[in-house]
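Trainee: I have a model open and would like to go through the reasoning behind its labels. Could you take me through it?

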Amino acid sequence: RAAGQQWLVTAAMTEAYLLGPHEKFIRDVHLTVLGPSQFCVVVDPWRDGRHLLGQRELRRGRTQFFLSPGERLEAGISDVFVLEADEALLLTATEGFVDVDPNGNKVHRCPGDRWMIYGPQEYVPSVHLTVVERRNSIALDKNEGIYVRDMKSGTVRSVMGETYMLAPDEELWEKPLPPLVLEKLQALPRDNKVRAVAPRDPTRVVTYNVPHNCVVQLYDYKSKKPRIAFGPDLV
């Protein structure tokens, strides 16, 4: 043993251990136990008798082990991601590596690449990537819609009347409205009956119920053309 060297003594090695005159007890190390649906990432692991400083190692259950001197868990013990049919994980690569897609083909991932894993399946993220967020499909009625922004081009479009899952380079866009427009959208109907007004979701497409015997003028800023809608109608 060299001066300053640390090592682990377990019950599998001996039932009792007596410290020598040149040895010092440091601390107790508890057994790490992973269930069948759990995983962890070990930082600075030991492999083949070598201490791999700066590297990370993925370990998935069912297994149990003692952390060797110098090893530590990056974020404790985590549960495997269980995705349903309407769920997906948005992933981004933190370093270059060769991945395998659902069809078994090899894909080279570069740092910063974004892609998605779709359910139903179980998924354990590798040490080369980060899980950005968990996404759900957005179910929209025929009179409902959302604003979707492409983060590469910056263009915003509306999606109406379908079940939609955001693409890896898409995000929900919040449409700002002037206070006067908000006041008109939340105004009481003509019968003056008090109804509960739900808080506005800025990512939802703005709609307005044109009452009977009423008319509304709308202006399209893209085509620079106005149009008129007669009630009863939904615009």
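Trainee: Why is Arg109 called buried or exposed here, and on what relative accessible area?

Mentor: Arg109 has a relative accessible area of 14%. Buried means under 20%, exposed over 50%, and partly exposed in between, with a 1.4 Å probe and protein chains only, so Arg109 is buried. Keep in mind that this is a predicted model, where local features need pLDDT of at least 70 and side-chain atom pairs count only at pLDDT 80 or more, while totals for chains, interfaces and linings use all residues. Residues are numbered from 1 along each chain as its sequence is written, and side-chain values use heavy atoms, leaving out hydrogens and water.

Trainee: What makes the contact of Arg109 and Asp99 a salt bridge?

Mentor: The definition asks for a side-chain nitrogen of Lys or Arg within 4 Å of a carboxyl oxygen of Asp or Glu. For Arg109 and Asp99 the N to O distance is 3.4 Å, so the pair qualifies. Arg109 sits in strand 12 (residues 106–109) and Asp99 in strand 11 (residues 97–100), 10 residues apart. Strands here are DSSP runs of E with at least two residues, numbered from the N terminus. Asp99 is buried too, at 17%.

Trainee: Which label does Glu57 get, and why?

Mentor: Glu57 has 16% relative accessibility, so it counts as buried. Its salt-bridge partner is Arg47, at 3.2 Å from N to O. That pair links strand 3 (residues 46–47), which holds Arg47, with strand 5 (residues 56–60), which holds Glu57. Arg47 is partly exposed, because its 35% falls in the middle range. Arg47 and Glu57 also belong to a network of salt bridges with Arg59 and Glu71.

Trainee: How do you know that Arg157 and Glu170 tie together separate parts of the chain?

Mentor: Their side chains meet in a salt bridge at 3.2 Å, N to O. Arg157 lies in strand 18 (residues 156–160) and Glu170 in strand 20 (residues 170–172), so the pair joins parts that are 13 residues apart in sequence. Glu170 is buried at 9%, whereas Arg157 is partly exposed at 39%.

Trainee: How many salt bridges does a search of the whole structure find?

Mentor: The search finds 13.

Trainee: And what accessibility does Val9 have, and what label follows?

Mentor: Val9 has a relative accessible area of 34%, so it is partly exposed. Val9 lies in the segment before strand 1 (32–34).

How values were computed. Helix = DSSP H or I, 4+ residues; strand = E, 2+ residues; numbered from the N terminus.
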